[in-house]
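Student: Could you take me through one part of this structure up close? I'd like to see how individual residues sit in it and what they touch.

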Amino acid sequence: MRRHVTALVWRAALAAILVCGIGLLPWLTRTDPALTVLKARSADRDPTPRVLADIRSQLGLEQGPLPLLGQWLGGLWRGDAGRSWLSGDEVTPAVLQALGASLLLMAVALAVAALTAALICARTLWLGAHRHLDGRRAGGGGSAVLAALPEFLTASVLATVVGVQLGWLPALGWYGPQWTVLPALALGLPAGAVIGRLLDDLLPGAFAEPWALAAAARGLPGRSIARQAVRRCLPGLLPNLGLFVVGLTGGAVAVEQIFDIPGLGRTTLQAALAQDLPVLQAGTLAMVLLAAATAGLAALATRRLVGPALRDGALPSLHRPSPPVRRILPFAYGGLLTVVIALGLPRDPLTLDTGERLRPPSRTHPFGTDALGRDVLARVAHGAVDTLLLTLAIGAAALLTGVLLGLVPRLSGPLVDTVNAVPPVLLALLVTAIAGSGPATPALAVGAVAWAPLAAHTAALLRQERAALHVTATRGLGADRWYLLRHELLPAALPPVTRHALLRLPGIALALASLAFLGLGAQPPAPEWGLLLAENQPYAERAPWAVLAPAAVLALLGALAVTSAGGVRLPRRTRPPTPQPPAEEPSPAKELVGTQ
């Protein structure tokens, strides 16, 4: 009971710190909030001292940030989140309406993600149910392309082709269930690809457990064995599934912008840009509460699925040594990516030639030219160097941080939920407010949240591994915590978490590209991948090659990461000698009995 109270207090303290930090945003930007509000209300009025003083008086800005924050927190107990600084309307109904739109979109996107994950795992489930698995993961690399699809690019293509040109589904607005299909596809396909790969990674271990072998020997249907194998693997994925749920609400800013959806992420972003403090604070608080509720449901579902085995230390281990995997696909993808970069680096990415605007691919320009006549191959290659190095650095730091914090779940659990509740876009705005805009802004924003899924995954795997039978037996023989951590827990958890980190590399690159796409971070004419997509998006119909080239390189990076992740396995090793209990010294009575 005391542990739960401590976790609740820690979670509440983190939420309070986050909300207070958001409340200070207008003052952290070192700009006058009254000036920003005036520009948003009526850009034609001159910002005279008298006009600005009137606005400060109306909004209570003269009191300073702390009294305003206290008034806002006091109104929450009555369900009153204040009034918008821009429109004067009540904040609570607007935020609840935006939350409802985001929850509906999230539900449809989760259905798409579940279907995508099922298709990715279908082959492994069939082979495992019919006892044809050899210890290797059966899934192929086709999910790599889905995992690396930029959400904003997928949304743009779906809106342009399916919505506008073909007219099959509505593309813009939010008026009913039909308007959820295209944005849900843009959000659900990448999320489902990552979830499917993580589940596909655990299934062979579940099919190799004694219960599955016994069930197959007794002739139970393969369908039942496959269903129980999925249930056996879900507890290790539920924390990450909860993170996806929160990400599909607050993190879908680019998709909501493209499809003109009044969701929670877009509402919060617009409030942050306009410094509409009451709306920004209420939207952030809604995302924090959603993250806490999702984490609680995930923990409850984990206990229900595992049952008393988790408490009693009677679980078999899902992680075991596997045969060496020889793959040629990572070398093929890596070689192709290297060739693209090598061909583009000698070219100048900044040379303008207005006479060669929007030229299709040719021998002179293999990837065509953009709207200013610049060589797309050169811009993709030069952008790849910075993007790949930055992605690898953020991924390595996220892996190290995630594993270390995953070792202390009481500390990291509430921290993961709180950090994941804040979209990278909002974090980028906070970083911009404190440190100013620049190329480092996206890296700091993405790095601040990239470790959270890995920490949740590490904590979930270690929780199950500590309940494994061999760990319980080793502990009973006198092994201390350091011995268990070094010889039992980390060797079982590090390979799947490392594979997860590799699967996250395309997501990190996409997050960096998304921030650049929304105008945060690197600025033109820098050849950054997100900027390339943003600059060439208006010309997607006339010059699709200008958009498809950076998107194809992103997909190639995803294919390389996914296929490389398959080679990270628990090595075959000789288990170190288990500590033996000290030998019992014979007592005089025993010696006497022995002599008789």
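Tutor: Let's start with T458 and what it touches. If you skip its neighbours within four places in sequence, T458 is in contact with G402, V403, G406 and V497. Keep in mind that this is a predicted model. T458 belongs to helix 20, and it is buried, with a relative accessible area of just 2%. The cut-off for calling a residue buried is under 20% relative accessible area, so T458 qualifies.

Now slide along to another residue of that helix. R466 is also found in helix 20, which covers residues 440–466. Is R466 buried or exposed? Neither label quite fits: R466 is partly exposed, with a relative accessible area of 31%. That value lies between the cut-offs of 20% and 50%, so "partly exposed" is the right name for R466. A patch on the surface needs residues with over 30% relative accessible area and no salt bridge, so R466 at 31% passes the area part of that test. And here's the patch: R466 gathers with R303, R410, R463, R475 and R481 in a patch of positive charge on the surface.

Those arginines sit in a patch, but what about arginines that pair up with an acid? The structure holds 6 salt bridges, and a few of them are worth a look. Take D370: it forms a salt bridge with R374, where the closest N and O atoms are 2.9 Å apart. D370 is buried at a relative accessible area of 3%, and R374 counts as buried too, at 6% relative accessibility. D370 has another partner as well: R379 forms a salt bridge with D370, and there the closest N and O atoms are 4.0 Å apart. R379 is buried, with a relative accessible area of 1%. Put those pairs together and you get one network of D370, R374 and R379, joined by salt bridges that share partners.

For another pair, look at R266 and D260. Their side chains meet in a salt bridge, at 2.7 Å from N to O. How do the two ends sit? R266 is buried, with a relative accessible area of 16%, whereas D260 is partly exposed, with a relative accessible area of 38%. The line for buried is drawn at under 20%, so R266 falls on the buried side of it, while D260 at 38% lands in the in-between class.

Note on methods. Residues are numbered from 1 along each chain as its sequence is written. This is a predicted model: local features need pLDDT of at least 70, side-chain atom pairs count only at pLDDT 80 or more; totals for chains, interfaces and linings use all residues. Side-chain values use heavy atoms; hydrogens and water are left out. Buried means under 20% relative accessible area, exposed over 50%, partly exposed in between (1.4 Å probe, protein chains only). Patches are made of residues with over 30% relative accessible area and no salt bridge: like charges are joined within 9 Å, nonpolar side chains (Val, Leu, Ile, Met, Phe, Trp, Tyr) within 5 Å. Accessible areas come from the Shrake-Rupley method with a 1.4 Å probe; for residues, only the protein chains shown count as cover. Lys and Arg count as positive and Asp and Glu as negative; His and the chain ends are not counted. The place of a charge is taken as NZ of Lys, CZ of Arg, CG of Asp or CD of Glu. Helices (H or I, at least four residues) and strands (E, at least two) are DSSP runs, numbered from the N terminus. Contact means heavy atoms within 4.5 Å.
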